[in-house]
Amino acid sequence: ATTVMIGTVAYPMMAKAGFEKNAAGGLLAAGGLGAILSPPVLGAAAFLIAEFLKISYLDVIWMATIPTCLYYLSLLIMVELDAKKFGAKDVSFVPDMTLGQMTMRYGFHFISLLAVVVFMLVGYSASLSVFYATAVTFALSFLRKETALVPKKLVKALADGSIGALNAATTCACAGIVVGVVTLTGLGLKFSSIVISYAGGSLLLTAIYTSLIVWIIGLAVPVTASYIICAVIAAPALIKLGVPDYAAHMFIFYYAVLSEVSPPTALSPFAAAAITGGDPYRTTLQSWKYTLPAFLVPFVFVLDPQGVGLLLNIPKGGSWIDIVEIAIKTAFGLMALAAAAQNWALRQNTPLERGLLLLSGLLLVFPSLIEAIVEWLIGRDIGYTYLPGLIIGLGVVLWQARTRSPTRPALTT
């Protein structure tokens, strides 16, 4: 729904700017996905995460802040690189109203969304918070004549809301049955033992297996149901290997969300392709490229000793400096990965430059994989440092700055 809403408004401007159909569709799908990842709502899963972990709703919002910023930072870098690659041009747009005028006229619509968060923070339950926010929405609708919920509009709004709630309720009810069976039979604990056994006790392999399990389950059920099921089945495996419970649950949540852009049931890219007129499967591949940070950042939560810093939790034996350090390292790593994925930095990359940017990004974002390979090759433990990745990435950028071509390339995908 978010993708369709964004697409109907944004795609005409993207087409005028020169964006290719499949790339535009992939970007729209990635933008729609970002809405599920972003605080203060995070879909319905935020309430479920708080319930599973017995923490406050504010803590869940707090944990999602840095990953959301990193996601949109990477998306911004990719859009800028696309603009260079496709030779995008400025689109003349004359707004009817200024931002201030629009806020004064329509800004009250956002108060109901903020009301849910405020009531939750005050201490009301999720159900009461939504009820009171609905009452606030009804009252605020009378601020303008065209938005007033008169009896006819009110009945239609209540009917639409009830239908939407029934869809969510039936999904959660079915997921609850699965969770009950798994819990009562002990299958969850057995399943986690099986995963750890197949991974040979390796945290890296366990994380990869867990991500695949969540991804596969997410192909068949919505995000909320996927999270509920996998929180019971897959999370214990990570927790047994020493991953903090909140990091394991956020890892599962992010991979449950990614099912929205994963074939063969990639709903968001298919909806975007219907708007842009592009090929659905090419659009899906483009959306995978744009959502690259969402695929990799969760591994930082569980594999890097400083990774919980991205969830705004101070690492064991560390300080707030570790949070700043891991956020900056990951941000630079995502920039390098974005340049590698787009095959463009200051100009089109050569195969060697693209490989070096990929290596730089992995060294900064996903160091455990590189560490494991190097340790296996040299036969002894090594201490990871972010400097090699940073030096490689900066070296490629400086080299491209010296050898930058003045000519504009032809439009390619």
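**Notebook: helices, hollows and charged pairs**

I began with G26, which I found in helix α2 (residues 21–37), where helices are DSSP runs of H or I with at least four residues, strands are runs of E with at least two, and both are numbered from the N terminus. I kept in mind that this is a predicted model, in which local features need pLDDT of at least 70 and side-chain atom pairs count only at pLDDT 80 or more, while totals for chains, interfaces and linings use all residues. I also noted that residues are numbered from 1 along each chain as its sequence is written, and that side-chain values use heavy atoms, with hydrogens and water left out.

**Entry on G26**

I looked up how much of G26 is covered, and G26 is buried because its relative accessible area is 0%; the term buried stands for under 20%, exposed for over 50%, and partly exposed for what lies in between, with a 1.4 Å probe and protein chains only. I then checked a partner far along the chain, and the C-alpha atoms of G26 and Q286 are separated by 4.7 Å although their positions lie 260 residues apart in the numbering.

**Entry on the cavity**

Rolling a probe the size of a water molecule over the atoms shows where empty space is left. I used a 1 Å grid over the protein atoms alone, on which a cavity is a set of points where a 1.4 Å probe fits but cannot get out, a pocket is an open set with protein on both sides within 12 Å along at least five of seven lines, and lining residues have an atom within 4 Å of a point. Grid points are joined across faces, edges and corners, and a volume is the space filled by probe spheres set on the points.

By this rule I counted one cavity of 30 Å³ or more, and the volume of the largest cavity is about 60 Å³. Its lining is made by L37, P67, L70, Y71, Y254, P293, A294, V297, P298 and F301, and the elements that give two or more residues to it are α4 and α16 (292–303). I noted that α16 gives the largest share, five residues. By class, the lining of the largest cavity has ten nonpolar, no polar and no charged residues, where Ala, Val, Leu, Ile, Met, Phe, Trp, Tyr, Cys and Pro count as nonpolar, Asp, Glu, Lys and Arg as charged, and the others, Gly among them, as polar.

**Entry on the second largest pocket**

I next turned to the second largest pocket, which holds about 330 Å³ of space. It is lined by 18 residues, of which F332, M335, A336, A339 and V397 are the closest to its centre. The elements that give two or more residues to this lining are α4 (57–85), α17, α18 (351–365) and α20 (387–402), and the largest share, five residues, comes from α20. By class, I found 14 nonpolar, three polar and one charged residues in the lining of this pocket.

**Entry on M335 and L358**

I followed M335 further, and it lies in helix α17 (residues 320–342). M335 counts as partly exposed because its relative accessible area is 33%. I then looked at L358 in helix α18, which is partly exposed with a relative accessible area of 43%, and the C-alpha atoms of L358 and G393, 35 residues apart along the chain, are separated by 8.8 Å.

**Entry on charged pairs**

Side chains of opposite charge can pair when their charged atoms come close. I took a salt bridge to be a side-chain nitrogen of Lys or Arg within 4 Å of a carboxyl oxygen of Asp or Glu, and by this rule I counted five salt bridges. One of them joins E51 and K54 at 3.6 Å, N to O, and both E51 and K54 are exposed. Another joins E146 and R144 at 2.7 Å, N to O; E146 is partly exposed at 42% relative accessibility, and R144 is partly exposed at 23%. I also noted the salt bridge of E353 and R347 at 2.8 Å, N to O, where both E353 and R347 are buried.

**Entry on positive phi**

Most residues other than glycine have a negative phi. I therefore wrote down L312, which has a positive phi of about 60° although it is not a glycine, and which is found in the loop between α16 and α17.
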